[in-house]
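Reader: Pick one loop in this model and walk me through it closely, then work outward from there. I'd like the cut-offs spelled out as you go.

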Amino acid sequence: QVRLVESGGGLVQPGGSLRLSCAASGTILRPAMGWYRQAPGKEREFLVDITSGYKTNYADSVKGRFTISRDKNTVYLQMNNLKPEDTAVYLCFGNDGRVYWGQGTQVTVSS
């Protein structure tokens, strides 16, 4: 079975930084990978993805603050200048023609 495991979430002050990671394992073939987030009462929001060829696509809401990188089937999300509105569960996905999701990691931005 395909498994995606996120880590790196936590509590951070406004203006601070966090680095999330997501490792995909199992039978998954050259996936695109990336991140969504979901806050209580809000729709799941696309943040960024990166293809197996390392092409990236960023949502306007995070462009200039968040950076995705990858090493094969592990992706990272460097988040800088965090704001309270960034508070959400951050979810990693992989897509090899079928979409797979991680369990999510909580990011809380608060003073």
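Author: Let's start at Asn81, which sits in the loop between β8 and β9. Strands here are DSSP runs of E with at least two residues, helices are runs of H or I with at least four, and both are numbered from the N terminus. Bear in mind that this is a predicted model: local features need pLDDT of at least 70 and side-chain atom pairs count only at pLDDT 80 or more, while totals for chains, interfaces and linings use all residues. Residues are numbered from 1 along each chain as its sequence is written, and side-chain values use heavy atoms, with hydrogens and water left out.

What's odd about Asn81 is its backbone: phi is near 50°, a positive value in a residue other than glycine. Most residues other than glycine have a negative phi. Asn81 is partly exposed, with a relative accessible area of 38%; the scale is buried under 20%, exposed over 50% and partly exposed in between, with a 1.4 Å probe and protein chains only. Arg30 plays a similar backbone trick, with a positive phi of about 40° although it isn't a glycine. Arg30 belongs to the loop between β3 (18-25) and β4, and at 60% relative accessible area Arg30 counts as exposed.

Now step back from Asn81 into β8. Strand β8 (residues 74-79) runs antiparallel to β7, joined by six bridges, and two strands pair if DSSP finds at least two bridges between them. Within that pair, Asp71 stands opposite Thr74 in β8. Both strands belong to an open sheet of four, ordered β1-β3-β8-β7 with antiparallel pairing. Its edge strands, β1 (3-7) and β7 (66-71), each pair on one side only. On average, neighbouring strands of this sheet are turned by 15° against each other, direction ignored (axes are lines fitted to C-alpha atoms, and angles run from 0 to 180 degrees between N-to-C directions).

Go the other way from Asn81 and you reach β9 (residues 88-95), which pairs with β11 in the antiparallel sense over three bridges. Val89 stands opposite Gln106 in β11. Strand β11 (residues 105-109) is also joined to β2 (residues 10-12), this time parallel and by three bridges, with Val107 as the bridge partner of Gly10. The two faces of β11 differ in cover: Thr105, Val107 and Val109 make up the covered one, Gln106 and Thr108 the uncovered one.

Val89 also turns up among the residues touched by Arg37, along with Glu85, Asp86, Ala88 and Tyr90, not counting residues up to four places away in sequence; contact means heavy atoms within 4.5 Å. Arg37 lies in β4 (residues 32-38) and, despite being an arginine, counts as buried at 8% relative accessibility. Its side chain makes a polar contact with the side chain of Asp86 at 2.9 Å. A polar contact is a pair of N or O atoms within 3.5 Å; within protein, one must be able to donate a hydrogen and the other to accept it, and residues adjacent in sequence count only if both atoms are side-chain atoms.

Zooming right out, the chain has zero helices and eleven strands. Of its 111 residues, 40% count as buried. Residues 24 or more positions apart account for 54% of the contacts with a separation of 6 or more. The C-alpha trace spans about 40 × 25 × 20 Å along its principal axes.
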